[in-house]
Amino acid sequence: MKFDAEMTCYLLRGKVKVYPKGSPPSTAALAEFGAGDLVVIPKGLSCTWDVSVAVDKHYKFDSSSPPPPS
């Protein structure tokens, strides 16, 4: 999944592991999110979501996000 806009996501329930593109699931390069977490996913991130418990969420895409500082 590649995000073409910044996404803010609030997980109501569930559990997910997110792996950056190209990183094997066995590495430490992952993030885990669960119920009650508020997550901001930056524009341009390519990642895989491994959902271990079904997720309900609220989310918002913001395509007007300023570019990151160089």
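Is leucine 38 buried or exposed? Select leucine 38 in the viewer, keeping in mind that this is a predicted model, and you are looking at a residue that is exposed, because its relative accessible area is 61%. Leucine 38 belongs to strand β3, which covers residues 38-41. Add Tyr10 and Leu12 to the selection, and together with Leu38 they make a nonpolar surface patch of about 300 Å².

**The whole chain**

Now step back and show the chain as a cartoon, where the secondary structure comes to 0 helices and 4 strands, and where the pattern read along the sequence is β-β-β-β. Of the 70 residues, 24% count as buried. If you turn on a surface, the chain exposes about 4800 Å², and carbon and sulfur atoms supply 56% of that area. Among the contacts in the chain with a separation of 6 or more, 77% are accounted for by residues 24 or more positions apart.

**How the strands pair**

Next, select strand β1, residues 6-20, and follow its pairings in turn. With β4, residues 47-62, strand β1 pairs in the antiparallel sense over 13 bridges, and one place to look is proline 20, whose bridge partner in β4 is cysteine 47. With β3, strand β1 pairs in the antiparallel sense over 4 bridges, and here methionine 7 has isoleucine 41 as its bridge partner. With β2, residues 31-34, strand β1 again pairs in the antiparallel sense, over 4 bridges, and lysine 17 stands opposite glutamate 32 in β2.

**Into the core**

Which residues make up the largest nonpolar core? Select Phe3, Met7, Cys9, Leu11, Val16, Val18, Phe33, Val39, Ile41 and Cys47, which are its 10 residues in all. The elements that give two or more residues to this core are β1 and β3, and the largest share, 5 residues, comes from β1. As you look along β1, it may help to recall that in a regular strand the side chains alternate between the two faces of the sheet. Then centre on isoleucine 41, which, not counting residues up to four places away in sequence, touches Phe3, Ala5, Glu6, Met7 and Trp49.

**The salt bridge**

Move on to arginine 13 and aspartate 56, and show their side chains, which meet in a salt bridge with an N to O distance of 2.6 Å. This pair links distant parts of the chain, since arginine 13 lies in β1 and aspartate 56 in β4, 43 residues apart. The count for the structure comes to 1 salt bridge. Are its two residues open to the surroundings to some degree? Arginine 13 counts as partly exposed because its relative accessibility is 47%, and aspartate 56 is also partly exposed, with a relative accessible area of 34%.**Lysine 57**

For the last stop, select lysine 57, which lies in strand β4. Lysine 57 is partly exposed, because its relative accessible area is 34%. Leaving aside its neighbours within four places in sequence, lysine 57 is in contact with Cys9, Tyr10, Leu11 and Leu12. To see how the chain returns here, show the C-alpha atoms of lysine 57 and leucine 12, which are 45 residues apart along the chain and separated by 5.2 Å. Leu12 and Tyr10 also bring you back to the start of the tour, as both are part of the nonpolar surface patch with Leu38.

Terms used. Residues numbered from 1 in each chain as written. Predicted model: local features only at pLDDT ≥ 70, side-chain atom pairs only at ≥ 80, totals over all residues. Heavy atoms only, no water. Salt bridge = Lys/Arg side-chain N within 4 Å of Asp/Glu carboxyl O. Buried < 20%, exposed > 50% of the residue type's maximum accessible area, 1.4 Å probe, protein only. Contact = heavy atoms within 4.5 Å. Patch = residues over 30% accessible without salt bridge, like charges linked within 9 Å, V, L, I, M, F, W, Y side chains within 5 Å. Areas by Shrake-Rupley, 256 points an atom, 1.4 Å probe, with all protein chains shown as cover. Core = buried A, V, L, I, M, F, W, Y, C linked by side-chain atoms within 4.5 Å. Pairing = 2+ DSSP bridges.
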